[in-house]
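Colleague: Got a minute to go through this one with me? I'd like to talk cysteines, pockets and cores.

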Amino acid sequence: MRVLGIDPGLAATGYGLVDEAETGYRWVSSGCIRTGPDLPQTRRLEQIFNAILELIRQYRPRSLALEKLFFSRNVRTALQVGEARGIVILAAARSGLELHEYTPLQVKQAVVGYGGAEKGQVQKMIALLLHLPESPAVDDEADALAVAICHLQHRRFAEAVKGRGV
């Protein structure tokens, strides 16, 4: 199963594609969709939308995992992240993908085993789980990969519970 993980943002939207393999997970692709601050906000959101649609078209994931909006002291940032999330949700709906949302706490627990994990710990675990030579250099990319892994972990757990008749 292939999952597209997204860490939404207006300036940088991280993405990570991860395949589930018999023995774990396999990195497929990852990076950031960057938009210029000199562009109108509508154009920036359009760029994110088009880039997500292109990733879906190119890599054909079965589902999309998205990081939920966390509490932010900066209202402007929270609104921009919310708008970017909306664009990602629309792209998933338009493409017919299953959408799964996870809080940062759920992501950290699934990847590191501890909800209070630091960014560096998450990045190291991503490199370990995906057999990468080094941790992703950009936080948004690492977070997107972590969201994808989180979904695959939750999916495995749900299937295990269902298989046991619990």
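Modeller: Sure, here come a few questions and answers on what the program computed; bear in mind that this is a predicted model.

Colleague: Let's start with the cysteines. How many disulfides does a search of the whole structure find?

Modeller: A disulfide needs two cysteine sulfur atoms within 2.5 Å. For C32, the closest cysteine sulfur is in C150, and at 19 Å that is too far for a bond. C150 is in no disulfide either. So the search of the whole structure comes back with a count of 0.

Colleague: And is C150 buried or exposed?

Modeller: Under 20% relative accessible area counts as buried. C32 has 24%, so C32 is partly exposed. C150, on the other hand, has a relative accessible area of 0%, which means C150 is buried.

Colleague: On to the pockets. Which helix gives the most to the lining of the largest pocket?

Modeller: That pocket has a volume of about 240 Å³, and 15 residues line it, with P8, G9, L10, T77 and V81 nearest its centre. By class, the lining has 7 nonpolar, 3 polar and 5 charged residues. The top contributor, with 3 residues, is a helix spanning residues 75-95: α2.

Colleague: What about the second largest pocket: which element gives the most to its lining?

Modeller: This pocket holds about 160 Å³ of space, and its lining is E67, P104, V107, K108, K119, V122, D143 and A146. The split is 4 nonpolar and 4 charged, with no polar residues. Three helices, α3 (104-111), α4 (119-129) and α5 (139-163), each supply at least two of the lining residues. The one that gives the most, with 3 residues, is α3.

Colleague: Now the inside. Which element gives the most to the largest nonpolar core?

Modeller: That core has 22 residues, and I6, I48, I52 and L64 have the most contacts inside it. Strands β1 (2-7), β2 (12-21), β3 (24-34) and β4 (63-67) each give two or more residues to this core, as do helices α1 (41-59) and α2. The biggest share, 7 residues, comes from α1.

Colleague: Last one: how many residues does the other core have?

Modeller: Take L64 in the largest core as a starting point: beyond its neighbours within four places in sequence, L64 is in contact with L4, I6, I52, V88, A92, L97, E98, L99 and H100. Apart from that largest core lies another, with V3, Y102, V111 and I126 among its members. The number of residues in this other core is 21.

Technical notes
Residues numbered from 1 in each chain as written. Predicted model: local features only at pLDDT ≥ 70, side-chain atom pairs only at ≥ 80, totals over all residues. Heavy atoms only, no water. Buried < 20%, exposed > 50% of the residue type's maximum accessible area, 1.4 Å probe, protein only. 1 Å grid on protein atoms, 1.4 Å probe; cavity = no way out; pocket = protein on both sides within 12 Å on 5 of 7 lines; lining within 4 Å. Points joined across faces, edges and corners; volume = space filled by probe spheres on them. Helix = DSSP H or I, 4+ residues; strand = E, 2+ residues; numbered from the N terminus. Nonpolar A, V, L, I, M, F, W, Y, C, P; charged D, E, K, R; others polar. Core = buried A, V, L, I, M, F, W, Y, C linked by side-chain atoms within 4.5 Å. Contact = heavy atoms within 4.5 Å.
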